[in-house]
Amino acid sequence: MNVKINGLTWKIVEVNTNDTNLLNGKIQCYGTCHYSKQIIYIDKNLNIEKLYQTLIHELTHAFIYCYLLKMNCKYDEEELCEFVAIYGEKIINIATEYFNNRNKVGDTNE
């Protein structure tokens, strides 16, 4: 599935647990956000609750990349709360739409 975030098109792709796209350095992850390719990779072997949580987590990385200029910075509580207030619902809606489409189509790699 493709999604637009602040004018940029991102692709969400489910891959096997041992896929190299799930590596962050040498650490195996449930999901990764590849900024240069604008692709979010998710481990398709996770249970549905963890898959949903991981997609929300990775979408949040993408939103931070697309809307904030301060990458790799620490944010204070007010900045974090403001970010969630502005973008949280959009992130949840994208994840929900993804899973609604996933369940209808049964295809995890659009």
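Start by selecting Y35 in this predicted model: with a relative accessible area of 26%, Y35 is partly exposed. Now add W10, which is buried at 0% relative accessibility. Show both rings and look at how they meet: the centres are 6.5 Å apart and the planes sit at 85 degrees, so this is an edge-to-face pair. Colour by secondary structure and you'll find W10 in strand β2, while Y35 is in the loop between β5 (31-34) and β6; the pair therefore ties together parts 25 residues apart in sequence.

Next, hop over to helix α1 and pick F63 and Y67, which are 4 residues apart there, about one turn of the helix. These two rings are stacked, at 5.7 Å centre to centre with 25 degrees between the planes. Buried or exposed, what is F63? F63 is buried, with a relative accessible area of 2%, whereas Y67 is partly exposed at 27%. Throw in F83 and Y87 as well, since ring pairs link them with F63 and Y67 into a cluster.

Now for the inside. Select I5, W10, I12, I40, L55 and L59: these have the most contacts within the largest nonpolar core, a set of 24 residues. At least two residues apiece come from β1 (2-5), β2 (8-15), β6 (39-43), α1 (48-67) and α2 (77-105), and α1 gives the most, with 8. Zoom in on L55 to see who touches it: leaving out residues up to four places away in sequence, the partners are I12, I40, I42, A95, Y98 and F99.

Last stop: a separate core of 5 residues lies apart from the largest one, and V13, V15, L22 and Y41 are among its members.

Technical notes
Residues are numbered from 1 along each chain as its sequence is written. This is a predicted model: local features need pLDDT of at least 70, side-chain atom pairs count only at pLDDT 80 or more; totals for chains, interfaces and linings use all residues. Side-chain values use heavy atoms; hydrogens and water are left out. A nonpolar core is a set of buried Ala, Val, Leu, Ile, Met, Phe, Trp, Tyr and Cys residues joined through side-chain atoms within 4.5 Å. Buried means under 20% relative accessible area, exposed over 50%, partly exposed in between (1.4 Å probe, protein chains only). Contact means heavy atoms within 4.5 Å. Rings of Phe, Tyr and Trp (its six-membered ring) pair if their centres lie within 6.5 Å; planes under 30 degrees apart count as stacked, over 60 as edge-to-face and the rest as tilted.
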